[in-house]
Amino acid sequence: MTDFYASDSSYHGGQWVNLLVDPERSALLKKICTDLSSITLNDRQLCDFELLTTGAFSPLTGFMNRSNYESVLDRMKLQDGTLWPVPICLDISETVARPLEAGQSVVIRDPEGFLLAVMHVEDIWKADKDKEAALLYGTADKSHPGVADLFGNTAAYYIGGSLEVLSLPLHFDFKPLRMTPPEVRGLFRKLGWNRILGFHTVNTIHRPEFEVAIRAMQKSRANLLLLPGVGMTGPGDFDYYTRVRCYRHVIGYFPPESAVMSLLPVSMRMAGPRDWLLQCIIGKNYGCTHFIVGHQHAYSGTSNGALSFYDDDTTRAMVQESAQALGMSIVRFEELVYLPFEDEFFPRDQVAPGTESISLTSLDIRERIRSGRKIPRWATFAEVVAELKKAYPSPSRQGFTVFFTGLSGAGKSTIARVLYAKMLEIGKRPVTLLDGDIVRLNLSNELSFSKEHRDINVRRIGFVASEITKNRGVAICAPIAPYAATRHEIRANIEACGGFIEVHVATPLDVCEKRDRKGMYAKARAGLIKGYTGIDDPYEIPEAPEVRVDTTGKTPDEAAQEILIYLGQKRFI
């Protein structure tokens, strides 16, 4: 078996971990793989796998076993006492976990079935998600994206063990920018750099962030390593292809040979201080001596739309203390605001009372780009705006989905057909009508009407709609779509590439029953049909749809007109 370790005190834990095996060992492992069970990694798991393999997660030698997992949750340390803030676990379903046991080996594959590694299983256990949420995120509030992902997308069991890696995940984009920690360190030696400032971000870099980086370089007397996250990022983020093109433009604004970039396939946990600390460890493994900690770095957003989940001062104090144990220097920066009369950026907490200041965050700029509004020249770089507008055109030029939801008989299909005709009449984009029954006939005819299969049908409609939207078309969807979580998932997927307009056709149940020509409601009330939406299976009413229309006493044309007015107000038409 290949020696995993290369002693080097500049790496976290005192050693660089390389999980790639040599050719001789690789050939042997390939021979035995045909007899082993397989685990297929999803995109989030592939990010962790790649950072484990390249040594960015040194000193970890694989996905955590149970003792390390619990130790990290309880005291932010591995069992051997090494500082480590976030569990790096491989989650699997009960179906996958059932035939496996400690002492076995399993094959690790990518979603296409490509052989990546062999894992030597040490532990399999059922995750205590309530405990993990409380200790890792400090909350069980599912409006926190990390908590939502834990409960909604993380499987029930964890499997831990060491890895022998035969191949890194395949990447076909930005290959010169995908460097391992030893490759980046070799570049530093070639450039003669000894003091390196790490800057991790998953947002586009605009002028305030650029100013933070420049000032941090001056303060630390260091050159810059930009580590943009190109793995699993937060909801609503710009796609990484667009962001990397923007980063390339911004790198050109730094002084010559003072900044380099290496893409980081990281899955953000949005765990506030723990995420901060994990980024510092990754930075150390890439050779950083300093690390930028900015305003609300690695935060998850806000709690209940108002208050941050994490206190900024407490978080940075904890990171500062932990960074000393890492042997790194933290360069702290408050939020910078723009002073128009002085034409410069200044820390918000140092702006004199009465002085006019303006602030546009990355989120503000992202919203302006998506809604087609202008970006002030002081806020970002012309090349960045051009890239963002190319990828995310104004509403009048981007694709969008109109997603009807409501009870059977509410009038969804009829209004959708009217809207479809009106959009064809306008003639600015290709238009596709995805009625629930039509899609079931042509795309999902193998599905039953069970709760699970109805949900699968709605997800398929959402997927097709996202592809249409991505290609600047209009998708008009009219399923029942009774479950809020599924609608939220479809919205997130579509909003990543265009507009999403949810239309709740809020016709009351008694009116829908009177319109029921097939007698389905009557059969459901008589117990002849089970799991019928609105009778013995719930319809979860949308909380904040873009349009809500009750068709009682209203013609389909009038209902469609309300939607067209909204589309006009938002400049989609």
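Q: How does the lining of the second largest cavity divide by class?
A: Four of its residues are nonpolar, two polar and two charged. The residues in question are R370, A391, Y392, P393, Q398, R472, C497 and G498. Here Ala, Val, Leu, Ile, Met, Phe, Trp, Tyr, Cys and Pro count as nonpolar, Asp, Glu, Lys and Arg as charged, and the others, Gly among them, as polar. A391, Y392, P393 and C497 are therefore the nonpolar ones, and G498 joins Q398 as polar.

Q: What kind of model is this, and how are residues numbered?
A: It is a predicted model, in which local features need pLDDT of at least 70 and side-chain atom pairs count only at pLDDT 80 or more, while totals for chains, interfaces and linings use all residues. Numbering runs from 1 along each chain as its sequence is written, and side-chain values use heavy atoms, with hydrogens and water left out.

Q: What makes a space a cavity, and how many of 30 Å³ or more are there?
A: On a 1 Å grid over the protein atoms alone, a cavity is a set of points where a 1.4 Å probe fits but cannot get out; a pocket is an open set with protein on both sides within 12 Å along at least five of seven lines, and lining residues have an atom within 4 Å of a point. The structure holds two cavities of 30 Å³ or more. The largest cavity contains about 60 Å³ of space, and the second largest has about 40 Å³. Volume here is the space filled by probe spheres set on the points, with grid points joined across faces, edges and corners.

Q: Which residues line the largest cavity?
A: They are V202, N203, T204, H206, D237, F238, R243, S362 and R366. This lining divides into two nonpolar, four polar and three charged residues.

Q: What lines the second largest pocket?
A: There are 40 lining residues, with S408, G409, D437, I480 and K518 nearest the centre. The pocket has a volume of about 1,200 Å³. Helix α14 gives the most to this lining, with five residues. By class, 17 lining residues are nonpolar, eleven polar and twelve charged.

Q: Why is α9 called roughly parallel or antiparallel to α13?
A: The axes of α9 (residues 240-251) and α13 (residues 382-391) cross at roughly 165 degrees and come within 9 Å. That makes α9 roughly antiparallel to α13, because angles over 145 count as roughly antiparallel, under 35 as roughly parallel, 65 to 115 as roughly perpendicular and the rest as oblique. Axes are lines fitted to C-alpha atoms, for helices over the stretch in contact, and angles run from 0 to 180 degrees between N-to-C directions. The helices themselves are DSSP runs of H or I with at least four residues, strands are E runs of at least two, and both are numbered from the N terminus.

Q: What does α9 bring to its meeting with α13?
A: T242, R245, C246, H249 and V250 of α9 meet E383, V384, E387, L388 and A391 of α13, where contact means heavy atoms within 4.5 Å. These residues comprise five nonpolar, two polar and three charged.

Q: Why are α3 and α5 described as oblique?
A: Helix α3 (residues 66-75) packs on helix α5 (residues 129-137) at about 45 degrees, with the axes 8 Å apart. That angle falls outside the other classes, so the pair is oblique. Y69, L73 and D74 in α3 meet K131, E132, L135 and L136 in α5.

Q: How do α16 and α17 pack?
A: Their axes are 9 Å apart, at an angle of about 15 degrees. That makes α16 roughly parallel to α17. The contact involves D455, V458, R459, G462, A465, S466 and T469 of α16 and T486, E489, I490 and I494 of α17.

Q: What is the peptide bond from S58 to P59, cis or trans?
A: With omega near 15 degrees, it is cis. P59 sits in the loop between α2 (43-54) and β4 (62-63).

Q: What sign does phi of M76 have, positive or negative?
A: Phi of M76 is near 55 degrees, a positive value in a residue other than glycine. M76 lies in the loop between α3 and β5 (90-92). Most residues other than glycine have a negative phi, and most peptide bonds are trans.
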